[in-house]
Amino acid sequence: MRNYIRRSPLTLRLAASFVVFVVFIHSERFAIASKGPAKIARQQAIPCVFDNFVWFKDQEIIDGIRKDLPSFDGSAPEAGDSIDKILGALKRMLKNRKLPSEVEYTFFSGDGYRYGPEHIFTARDAKIPVCKVVFQNSPPQLERELQQAATALVNKDYSKVITRSFVEGAAVQIYRKYGYLRAAAHILSAAIDQSCKNSVVVQVAAEPGIAYVWDKAVWTGAKVISTQSLDAAIELKPGDVADGLKIDTALQAAYIVYQKLGYVDSQIVPKPVFDDVNKRIALEVAITEGPQFRMGDFIVKGVPEKDVLRLKERWALKTGDIYDGSYLGEFIDKLVADKLILPDMAKLLKTEQKQDRQKLVIDVIMDFNVSPS
């Protein structure tokens, strides 16, 4: 009988979320909505993540698994018996160290943004808290803010997945706030430290790069919103520290305004122009506004007629109104806040914003015929 726990496939639930929008990396389209999960070839090699195996170095884990799976190189296909062999090897390695040997497995399909699919293995009963986080090569003036942010990890059980999300997300955003727009960071090591009460010390390798100051933004394609308004939204003057968070916020705000004005297919594509000699950054922003849509029909399915009428009364957009692309989400949030639907129901609710590109109208469909998957 197996005495490890196998979980597959599941959506990975992180104890903390540090997903952020980094405008200079993700620039093919400025859209808040997440992409759907990518289809994965059954035999594609998918990286393995050993979430909290802090007792072993990476090469030790690889060598241990190769005793059962000689071809192992840190990745494994989704199909086949590789996962069983990896789990068996990990269990044996833990048992040899006289550690709790139950192992959990989760297949993570990716977040559609920064991380692709991964096999994630976790020592189930490992309770090894983080003692401290050390940021190497960081400007001294950022240390206090970095450590304040790192309190989200300290005294919590170590997880490589959560720590990685923090380091590559929230920590990098602190650098960007101070003009280090090309900053990168990654986990250098995570090991038990006897001088730290046998807890985990996380070493973060940071590459801040150049601290830039703001030059200007050049907007092309904007007709509905004036370039003066777009400039004002950034809240930066030439010579100011190029605060990446302010830049992100301004571009997000512009995107939301276009949505509220019915330009639901609008695209905002920023391209940074770095002047490393003068340590300045300019931003070329190409805007494609697309057509303006209006509200079509509001259709409700899966509830009694009296509830359909009640929901339609609450729906503020009337047929022919300029369509507000952000309104559907706000409407559902309001239903939850007013306790008309439960939060779990809101997550399962099927919605569709159906475009008619000839008539330039959008029908909104809410379907309450839901069942947990």
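**Sheets, helices and a surface patch in the predicted chain**

Taken as a whole, the protein chain has an accessible surface of about 20,200 Å², and 51% of that belongs to carbon and sulfur atoms. The model is a predicted one. Of the 373 residues in the protein chain, 41% are buried. The secondary structure adds up to 9 helices and 14 strands. As for how the chain is wired, contacts with a separation of 6 or more were counted, and 67% of them are between residues 24 or more positions apart.

One part worth a look is an open sheet of 3 strands, set out in the order S9-S11-S10 with mixed pairing. Strands S9 (213–220) and S10 (267–275) sit at the edges with a single partner strand each, so one side of each has no neighbour in the sheet. On average, neighbouring strands of this sheet are turned by 20 degrees against each other, direction ignored. Helix H5, residues 227–234, packs on the sheet and touches S9 and S11. The direction of H5 makes about 150 degrees with that of S9. Helix H6 lies across S9, S10 and S11, and runs at about 160 degrees to S10. Within the sheet, S10 pairs with strand S11 (residues 280–288) in the antiparallel sense, over 9 bridges. Proline 272 has leucine 283 in S11 as its bridge partner.

H6 spans residues 244–260 and includes valine 257. With a relative accessible area of 36%, valine 257 counts as partly exposed, because that label covers the range between the 20% cut-off for buried and the 50% cut-off for exposed. Val257 also belongs to a nonpolar patch on the surface, together with Val224 and Leu261. Together these residues have about 180 Å² of accessible area.

Further along the chain comes strand S14 (residues 361–367), which is mostly covered, with 5 of its 7 residues buried. Strand S14 pairs with strand S12 (residues 294–301), the two running parallel and joined by 6 bridges. Here phenylalanine 298 has valine 364 of S14 as its bridge partner. Strand S13 (residues 350–356) is joined to S14 as well, this time antiparallel and through 7 bridges. In that pairing, glutamine 355 is matched with isoleucine 362 in S14. S13 and S14 make a hairpin with 4 residues between the strands, and in this hairpin leucine 360 takes a positive phi near 55 degrees.

Methods: Residues numbered from 1 in each chain as written. Predicted model: local features only at pLDDT ≥ 70, side-chain atom pairs only at ≥ 80, totals over all residues. Heavy atoms only, no water. Patch = residues over 30% accessible without salt bridge, like charges linked within 9 Å, V, L, I, M, F, W, Y side chains within 5 Å. Areas by Shrake-Rupley, 256 points an atom, 1.4 Å probe, with all protein chains shown as cover. Salt bridge = Lys/Arg side-chain N within 4 Å of Asp/Glu carboxyl O. Buried < 20%, exposed > 50% of the residue type's maximum accessible area, 1.4 Å probe, protein only. Pairing = 2+ DSSP bridges. Contact = heavy atoms within 4.5 Å. Axes fitted to C-alpha atoms, helices over the stretch in contact; angles between N-to-C directions.
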